[in-house]
Amino acid sequence: MKQNGLRRPTGVGPAGVGGRLRARLLGERGAATAEYAVATLGAVGFAGLLVVILRSDEVRGMLTDIVRQALSLPG
């Protein structure tokens, strides 16, 4: 392919490096958003599990004992 009497190096031009890069980037469009959505769903599920666990009387009692021990004065 000649332009102004000069030859372009192979792989350069609309279908070359720029075209391949553009195709790769457009193929990945929305991937980051999907990853954030999956991570958010995982975090929400983990938070829900913690709420269920922390509502139990046994766990609440253990946490209360830990806080009492931490706040009591040694002596």
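What follows goes from the overall fold of this predicted model to a nonpolar patch on its surface.

The protein is built from three helices and two strands. Along the sequence these elements follow the order β-β-α-α-α, with the strands ahead of the helices. The protein has 75 residues, of which 4% count as buried. Its accessible surface comes to about 7,000 Å², and carbon and sulfur atoms account for 64% of that area.

Part of the surface is a nonpolar patch formed by Phe46, Leu49, Leu50, Ile53, Leu54, Leu63 and Ile66. Together these residues have about 640 Å² of accessible area. Two helices each supply at least two residues of the patch: helix 2, which spans 31–54, and helix 3, which spans 57–71. The largest share, five residues, comes from helix 2.

Leu50 serves as an example from this patch. Leu50 lies in helix 2, the helix with the largest share of the patch. Is Leu50 buried, partly exposed or exposed? Its relative accessibility is 37%, so Leu50 counts as partly exposed. That class covers values between the limit for buried, under 20%, and the limit for exposed, over 50%.

Definitions and conventions:
Residues are numbered from 1 along each chain as its sequence is written. This is a predicted model: local features need pLDDT of at least 70, side-chain atom pairs count only at pLDDT 80 or more; totals for chains, interfaces and linings use all residues. Side-chain values use heavy atoms; hydrogens and water are left out. Patches are made of residues with over 30% relative accessible area and no salt bridge: like charges are joined within 9 Å, nonpolar side chains (Val, Leu, Ile, Met, Phe, Trp, Tyr) within 5 Å. Accessible areas come from the Shrake-Rupley method with a 1.4 Å probe; for residues, only the protein chains shown count as cover. A salt bridge is a side-chain nitrogen of Lys or Arg within 4 Å of a carboxyl oxygen of Asp or Glu. Helices (H or I, at least four residues) and strands (E, at least two) are DSSP runs, numbered from the N terminus. Buried means under 20% relative accessible area, exposed over 50%, partly exposed in between (1.4 Å probe, protein chains only).
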